[in-house]
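Here's a quick walk through this model, written for someone who likes backbone angles and contact lists. Have the viewer open as you read.

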Amino acid sequence: MWCWRGLINLIASVVMFLALLPVQSAQAQSRICFAEVPNCIEGRFAEYWRQNGGLPVFGFPISPAFTQAVEGRARLVQLFERNRFELHPEQGRPYDVLLGRLGDDLLQWRGTPWQNEPKAPVTQQVGCRYFAETQHLVCDAFLRYWQSHGLEFDGRPGFSEAESLALFGLPLTEPRIETNSSGDTVLTQWFERARFELHTQLGPDVVLLGLLGREVFGSPTDVAPTPVLPSNWLERLNRYRAAAGLAPVQEDATLSEQCWQHARYMAENNDLTHNQNPSLPYASQAGQRCAQNGNAWIGLGTTWQPVHAIDSWMESVGHRLWMLYPTLQVVGFGFYTTANGVQSAAALDVLSNFNEGVDYPGWPVRYPGANQQGVPATIYPITLHWRYFGNAPVVTATELRVVGGAMLPHTVSTDLPVGHKGIVIIPAQPLPALATIEVMVGGSYDGRPFTYRWQFQTGW
């Protein structure tokens, strides 16, 4: 037993959570609501929406504010018809709210990445601005729009390139004729965070922003919330197991007490470890038993709950595969927050009752599972795994695609953490939100060929 337990060096994740008159009272300046849609805008998002163009620039909200992983960090976001607001408080005003890179994302998801677009034939042209970073020109009405919609500082309108870059980003294409999602054939130009459209039927210089939010996330009536997961850590863990077609696990009180002691040791000493230092406060033999038998996690900040550790482990391949081991029946879990509330830690014992599962009939375990809903729209690992002391699989083919859409670039590996036997597929970019994703994996295990094909649905 000790030879394989000694392999466990699991990585813990540390994330920081960080035109039309709206229907609102004169006093409710931090909340904007609308008769047309059910969702409101509040706080900093409401201020940003109002100061930087409102309905013509951003459209109606098509979701409430919620937390989503953006480029590996948890962010408060809200979806709008034309884009996604992201809160980046560490950047300070006015750049604490950024628009999502939906122009870039949508071009990628359509299988037409901007990197392959033709570049500008010249770098100098009257009425144009050349962007050397992407080698494109922005001209005439599009340039005037880009320059005139920069962010406002403290309510004072004004233009600087830094402000417009923060709002729209760099150009990704040359202007071209396209038919948009509303059926209008218009001159368009794509930017990192927007798509400019010249609507000459409304006037010679009328530029509107494309409905990228709707095109990526759906219309207001289409957007359904990601399924709510249980707020209890054990129920949360068992919900994940159920999605993979696995039986629930039960909590052992003795194991949980040991894991609580290890969580206290890690939080109080800021020591993320599987081997306690006996000379440090709160080190104990009981805590060490949990330390060597499972997952470890530390979170900085004041908003952590036990389920956050469960979610974090599920995003990490090495942690996930222990939690989704099919013959796992009993676990222990401990969560501890320091008295000043600035640091939390958690530990999960998944190995004290390890059963290799030689006779388990359902190998390999696949996650996300077939027809699973609400899978995070992030660079989310897709895994298949067999028994721990079995053979490694051989992969000959993989596919990852949006049903009815483009193939999704990805990497694939059988070199899994801490000696697990299986396959991991990593998308090269965040999975598209509110989409049905199909996975195909072909290869062999123990000399027997296999082909697995299944689908799951992403959330926001």
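Helix α8, residues 233-243, lies across β13, β15 and β16, and its direction is at about 130° to β15. Keep in mind that this is a predicted model. On the same topic, helix α11 (residues 306-314) packs on the sheet too, touching β14, β15 and β16. The direction of α11 makes about 120° with that of β14.

So what is the sheet itself like? It is an open one, built from four strands in the order β13-β15-β16-β14, with mixed pairing. At the edges sit β13 (250-251) and β14 (294-300), each pairing on one side only. Strands β15 (residues 330-337) and β16 (residues 343-349) run antiparallel and are joined by six bridges. If you want a spot to click on, Thr 337 stands opposite Ser 344 in β16.

Now for the packing. Which residues have the most contacts inside the largest nonpolar core? They are Trp 313 and Val 331, in a core of 67 residues. Leaving out residues up to four places away in sequence, Val 331 touches a long list of partners: Trp 233, Leu 234, Leu 237, Val 249, Gln 250, Glu 251, Asp 252, Leu 255, Leu 348, Asp 349 and Val 350. Another core lies apart from the largest one. That second core has 32 residues, including Ile 41, Phe 45, Leu 99 and Val 138.

Next up is a helix pair. Helices α5 and α6 (residues 161-168) pack with their axes 8 Å apart, at an angle of about 100°. Angles of 65 to 115 degrees count as roughly perpendicular, so α5 is roughly perpendicular to α6. On the α5 side the contact is made by Tyr 145, Trp 146 and Gln 147, while α6 brings in Glu 161, Ser 164, Leu 165 and Phe 168. Sorted by type, the residues of this contact are four nonpolar, two polar and one charged.

Helix α5 spans residues 140-148, and Asp 140 lies in it. Asp 140 is worth a look for its backbone, with a positive phi even though it is not a glycine. Asn 270 shows a positive phi as well, again without being a glycine. Asn 270 is found in the loop between α9 (253-269) and α10 (285-291). Here are the two side by side:

| Residue | Phi | Relative accessibility |
|---|---|---|
| Asp 140 | about 50° | 45%, partly exposed |
| Asn 270 | about 50° | 52%, exposed |

Why does Asn 270 count as exposed? Exposed means over 50% relative accessible area, and Asn 270 has 52% relative accessibility. Asp 140, at 45%, counts as partly exposed because that label covers values between 20% and 50%.

There are cis peptide bonds to check as well. One runs from Trp 363 to Pro 364, with omega near -5°; Pro 364 lies in the loop between β16 and β17 (365-367). Another joins Tyr 367 and Pro 368, with omega about -5°. Pro 368 has its place in the loop between β17 and β18 (382-385).

Last stop: Thr 451, in strand β23 (residues 448-457). Is Thr 451 buried or exposed? It is exposed, at a relative accessible area of 58%. Setting aside neighbours within four places in sequence, Thr 451 is in contact with Met 440, Val 441 and Gly 442. The C-alpha atoms of Thr 451 and Val 441 are separated by 5.7 Å, with the two residues ten apart along the chain.

How values were computed. Residues numbered from 1 in each chain as written. Predicted model: local features only at pLDDT ≥ 70, side-chain atom pairs only at ≥ 80, totals over all residues. Heavy atoms only, no water. Pairing = 2+ DSSP bridges. Helix = DSSP H or I, 4+ residues; strand = E, 2+ residues; numbered from the N terminus. Contact = heavy atoms within 4.5 Å. Axes fitted to C-alpha atoms, helices over the stretch in contact; angles between N-to-C directions. Buried < 20%, exposed > 50% of the residue type's maximum accessible area, 1.4 Å probe, protein only. Core = buried A, V, L, I, M, F, W, Y, C linked by side-chain atoms within 4.5 Å. Parallel < 35°, antiparallel > 145°, perpendicular 65-115°, else oblique. Nonpolar A, V, L, I, M, F, W, Y, C, P; charged D, E, K, R; others polar.
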